[in-house]
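The exercises below concern the boundary between two parts of one chain. Work through each task with the structure at hand before reading its solution.

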Amino acid sequence: MKRVIVGLSGGVDSSVAAYLLKEQGYEVIGLFMKNWHDDSVTISNECPWLEDSNDAMLVADKLGIPFQVVDLSEQYKERIVDYMFKEYEMGRTPNPDVLCNREIKFDVFLKIALDLGADYVATGHYCRKGEEEINGETVYKLLGGKDTNKDQSYFLCQLSQEQLSKALFPIGELTKPEVRKIAAEQDLITAEKKDSQGLCFIGKVRLPEFLQQKLEPKEGVIVQIPEDSEIYNREVPVFKSKEEELAFFATKYKYAVADGKIVGKHQGAHYFTKGQRKGLAVGGTKEPLFVIDTDVKENVIYTGEGKNHKGLYRNVLFVSNEELHWIRTDLALKNGESLNVLARIRYRQKLEKATLYKVETGLYVEFENMQSAITEGQFVAWYLNEELLGSGVIA
């Protein structure tokens, strides 16, 4: 009998995942990961992880499976929280959820599971796993979830073949309503529970406040760049090669304070991210202002009026070799090769047509359509049909 360790988060998805595995005849053990206990930044006197671990325990009890809480807060701080600060300080926007899967659930947690004699680790992600024999070797595939509304393959875009070989995604074939229905039929306490927001497993932490406690506030100016700025009329040179053309369009616009007018003040450019609208507190414009760029060295935020402002749009991005990751290592492009794919630059974005170009220093992703708020530090993931082939950090 194969043994599976399920990461029970106290939510409905992982609860149903555990139930289904038990039905399929696996020996199931539930583990709750405690990733946080700095109460200074949780909101009010709610203690979400306690509530969640309690719900997880009740579900395990109902299913008749062993249950344990594992404290991973030290590794979480080292691998996720510290990474977030580093990224914010560099003026990039991290994606802790993608990292949490690569570093915590399918690394630290996976090792604990294997030590407990498990054959697999299972989570409540809406995605599927496939496998195929290629040249006598088993190749694992990460496929989108059946519920396209909830497809969470993007969050797993940094997994390796080794990690996928040990992973199970029991609810990948189901839609959210079906999952809730099963939970209700099995009388699981989590059946009606709202989906959790907030960082994976940290619970209800308000990110800006959390960051502000750790990153020193410093006042700077908010500059509004006009839509008809000369910057957007840059002359497009004649390119000698496709690579030169890609490099040109992947380069972001450069702004200086003199290019626009000062419309307000802020408490630190590193608290803001491209495409952000909330928190600027500048009135007097017909349409809301959006962040089009931040300069953490000079501590300036550049904004544009309206969500169609030219400063928000580009169609080429670059991923450096160090930050390039292929799940399907057998399909990794070699220098000079290109591939037509579907890609997304954030979770829940619908897949967009794009072409990958591999060059000496990394990989260019050229989208057919202009993309809003391509943000450094976030992940771009690319697919063939419903299979996620690889991903990388936007440079």
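**Exercise 1.** Determine how many residue pairs are in polar contact between domain 1 and domain 2 of this predicted model, and state which elements of domain 1 supply the side that touches domain 2.

*Solution.* Begin with the polar contacts: between domain 1 and domain 2 there are 17 such residue pairs, counting those in which both residues have pLDDT 80 or more. Next, list the elements that give two or more residues to the side of domain 1 that touches domain 2, namely the helices H3 (73–89), H4 (96–115), H5 (161–165) and H7 (207–214), together with the strands S5 (127–134) and S6 (137–144). Of these, S6 gives the most, with 6 residues. Finally, sort the residues of this side by character, which yields 18 nonpolar, 11 polar and 7 charged.

**Exercise 2.** Find how many salt bridges are counted between domain 1 and domain 2, and examine the one made by Glu323 and Arg92.

*Solution.* The count between the two domains is 3 salt bridges. For the pair in question, test the distance against the cut-off of 4 Å: the side chains of Glu323 and Arg92 meet at 3.2 Å, N to O. To place these residues, note that domain 1 spans 3–212 and domain 2 spans 217–394.

**Exercise 3.** Describe the extent of the contact between the two domains, and identify which residues of domain 1 lose the most area.

*Solution.* Start from the contacting residues, 36 in domain 1 and 30 in domain 2. Then take the area: the domains bury about 2,600 Å² between them, 53% of it on carbon and sulfur atoms. On the side of domain 1, Arg92, Thr93 and Tyr154 lose the most area to domain 2, together 25% of what that side buries.

How values were computed. Residues numbered from 1 in each chain as written. Predicted model: local features only at pLDDT ≥ 70, side-chain atom pairs only at ≥ 80, totals over all residues. Heavy atoms only, no water. Domains from an automatic or database assignment. Contact = heavy atoms within 4.5 Å. Buried area = accessible area lost by both parts, 1.4 Å probe. Polar contact = N/O pair within 3.5 Å; in protein donor to acceptor, adjacent residues only side chain to side chain. Helix = DSSP H or I, 4+ residues; strand = E, 2+ residues; numbered from the N terminus. Nonpolar A, V, L, I, M, F, W, Y, C, P; charged D, E, K, R; others polar.
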